[in-house]
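Here's a walk through one protein model, written for someone who likes contacts with distances attached. Have the coordinates open and follow along.

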Amino acid sequence: MKHSGFRKPFVLSALCAAMLLPGVSAWAVTDQEILDDVKTTDQIVTNGMGLQGQRYSPLSILTTDNVKDLRPVWTLSFGGEKQRGQQAQPLIKDGVMYVTASYSRVFAVDARTGKELWQYDARLPDDIRPCCDVINRGVALYGDLVIFGTLDAKLVALNKDTGKVVWRKNVADHKAGYSITAAPLVVNGKLITGVSGGEFGVVGKIEAYDPKNGELLWTRPTVEGHMGYVYKDGKKIENGISGGEAGKTWPGDLWKTGGAAPWLGGYYDPETNLLLFGTGNPAPWNSHLRPGDNLYSSSRLALNPDDGSITWHFQTTPHDGWDFDGVNELVSFNYQEGGKTIKAAATADRNGFFYVLDRTNGKFIRGFPFVDKITWAKGLDKNGRPIYDDSNRPGAPSGADKGKSVFSAPAFLGAKNWMPMAYSQDTGLFYVPSNEWGMDIWNEDIAYKKGAAYLGSGFTIKPLNEDYIGVLRAIDPKTGKEVWRQKNYAPLWGGVMTTKGNLVFTGNPEGFLQAFNAKTGDKVWEFQTGSGVLGSPVTWEMDGEQYVSVLSGWGGAVPLWGGEVAKRVKNFNQGGMLWTFKLPKDLVAKH
Ligand code: CA
């Protein structure tokens, strides 16, 4: 076991006790296992099923032919009175599943039987400030530790056998509006996390910690003008001002409360040795208070994992006025063109445009709309910068009077929100969970007050169509062509996964986990889980069989912020269940 890095006596005794438990094997997730996660099929040790976040499995035991016989083998309730949105992706190591639930809870579960092995509850203070439900998106595994972020902005490392706390670290002040909802990322022995809180005027930051003991290694603010630091041998070393001079793209002191929270976490591309993160809206929402591009809000950032320096940035919505957070995942992929391998990365932004970038330098390759209606911009220029329709920017307030209200599409919950898309190495297509909606939006007067909502805007989200909001789309990143679409009545809010078996899995708020033919979009299977599916499905191999798991539990941002859409889904029931499926053994033999 690798525990030489732990110094505290109680930690050593906890680990030694774990080693003595019957059936507990020497277990340690290594950097190499994390790098290899994209190709190993018997474990899942990264959020994204691989560091690049493609959510593609090379497993092909399950196919479009036999998936009709996929059925549940066990299910586990997260219990208690605490339900609400369940948005995590499970991780699996040595037959044990590690998953987070709402209200900053972690469960370890026997992956064969569904038996709960332990549960950790972060016991949150009463004054947490989550903007968008009490959700969490999953754990990181490293060595013998299970590590996750909490709604009161702490990182907590638990012993994988006992669930006991090994270390706990305060990342930011939850009373100022900070929280953590993303799964942490482990890269080359460093634990990387962002923070949430753009709706409270926090200063976004990305940080690296030593996963063995929680020591801070570097911090990189994501608002122009703030200094980054590297911590080495007990010393704090300045590592450059983020984005140049304070106030260059911000007026006055607004950069001091500029938002740009990298709340969705990020991914890592081993081929370029770059961390790829996104940043949220500039604060406040009222754009008339902050003329300028407001770097690095609503952007994608590539960072050096060694010291957190910014290698390149690409801003999807400069001077955002619609809450178009730029946090959506930037997924690395390679494609062939003109006899060359293009090292690209793709993202489907809140603002309705799909971007393909050169991930070696952040240069714009191409971009196109991936939803049917975009009103705020007329298109993208040759550098990928939006061509604004100024008449669709909500107007400036005048004293106590609110500014001119406009109807904008997409709505601020995004043409696509947090829910991760998947990329198939077989079809070369991205499978994008999108939503067709718009909003009335107007601006109001606002002043910053620590810990209070800092928007300066009002809004009502509205559906664009009577019969559907959600659209699962298969998109060709080389041409912008939509290859197929599947409509859904409620807005889609769950992650997507694709497999070598020509399958695409995702869930819907109506409660169904569904599988589609990756080439044609035909629905080939579905199962009712009892509550809305907002989690990200995973698949792995155990005892020669292919398993699929997903969380079920309706909640998230839509019921809280969705305006007229929230009314449409108000009768959907909450839940909190972990489901696991496989084919019956005798049926596999027949195929
Ligand atoms: Ca936001």
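What follows goes from the metal site to the aromatic pairs, the charged pairs, a hairpin and one threonine.

**The metal site**

Keep in mind that this is a predicted model. Let's start with the calcium ion: which residues coordinate it? E199 does so through OE, N281 through OD1, and D323 and D325 through OD, with D325 listed twice. The distances run from 2.3 to 2.8 Å. Along the chain, the donor residues follow the spacing E-x81-N-x41-D-x1-D. E199 sits in the loop between strand 12 (190-193) and strand 13 (205-209), while D323 is in the loop between strand 20 (310-315) and strand 21 (331-337), so this pair ties together parts that are 124 residues apart in sequence. As for the surface, both E199 and D323 are buried.

**Rings**

There are 37 aromatic pairs in the structure. One of them is Y98 with W118, a tilted pair at 6.4 Å centre to centre with 45° between the planes. Y98 belongs to strand 4 (residues 96-101) and W118 to strand 6 (residues 116-121), so the pair links parts that are 20 residues apart in sequence. Are these two rings' residues buried or exposed? Y98 has 1% relative accessibility and therefore counts as buried. W118 comes out at 7% relative accessible area, so it is buried too.

Another pair is F527 with W579, and this one is edge-to-face: 5.1 Å between centres and 65° between planes. Here F527 comes from strand 37 (residues 523-528) and W579 from strand 40 (residues 577-582), so parts that are 52 residues apart in sequence get tied together. F527 is buried, and W579 is as well.

If you'd rather look at a group of rings, try the aromatic cluster formed by F314, W322, F324, F353, Y355, F364, W376 and Y388. Y388 has a charged visitor too: the charged end of R393 sits over its ring, 5.3 Å from the centre. A similar arrangement has the charged end of K402 over the ring of W442, 4.1 Å from the ring centre.

**Salt bridges**

Searching the whole structure turns up 32 salt bridges. Here are three of them, with the N to O distances.

| Acid | Base | N to O distance |
|---|---|---|
| D69 | K68 | 3.9 Å |
| D293 | R385 | 2.9 Å |
| E545 | K585 | 3.9 Å |

Take K68 and D69: which is buried and which is exposed? K68 is exposed, with a relative accessible area of 53%, whereas D69 is buried at 15%.

D293 and R385 meet in a salt bridge at 2.9 Å. D293 lies in the loop between strand 18 (274-278) and strand 19 (299-303), and R385 in the loop between strand 25 (377-380) and strand 26 (386-388), so the contact ties together parts that are 92 residues apart in sequence. D293 is partly exposed, with a relative accessible area of 24%, and R385 is partly exposed as well, at 35%.

Then there's the bridge of E545 and K585, with closest N and O atoms 3.9 Å apart. It connects strand 39 (residues 545-552), which holds E545, to helix 5 (residues 585-590), which holds K585, so parts that are 40 residues apart in sequence are tied together. E545 is buried, with a relative accessible area of 8%, but K585 is exposed at 56%.

Beyond these pairs, D372, E436, R473, E482 and R485 are linked in a network of salt bridges.

**A hairpin**

Strand 15 (residues 227-232) and strand 16 (residues 235-241) run antiparallel and are joined by five bridges. Y231, for instance, has K236 in strand 16 as its bridge partner. The hairpin has two residues between the strands, and D233 takes a positive phi near 50° there.

**One threonine**

Last stop: T347, in strand 22 (residues 340-348). T347 counts as buried because its relative accessibility is 1%. So what does its side chain contact? The T347 side chain makes a polar contact with the side chain of R300 at 2.8 Å, and it also reaches the backbone oxygen of E329 at 2.9 Å.

Terms used:
Residues numbered from 1 in each chain as written. Predicted model: local features only at pLDDT ≥ 70, side-chain atom pairs only at ≥ 80, totals over all residues. Heavy atoms only, no water. Donors = N, O, S within 2.8 Å, 3.2 Å for Na, K, Ca; no water. Helix = DSSP H or I, 4+ residues; strand = E, 2+ residues; numbered from the N terminus. Buried < 20%, exposed > 50% of the residue type's maximum accessible area, 1.4 Å probe, protein only. Phe/Tyr/Trp six-rings, centres within 6.5 Å; stacked < 30°, edge-to-face > 60°. Lys NZ or Arg CZ within 6 Å of the ring centre and 35° of its normal. Salt bridge = Lys/Arg side-chain N within 4 Å of Asp/Glu carboxyl O. Pairing = 2+ DSSP bridges. Polar contact = N/O pair within 3.5 Å; in protein donor to acceptor, adjacent residues only side chain to side chain.
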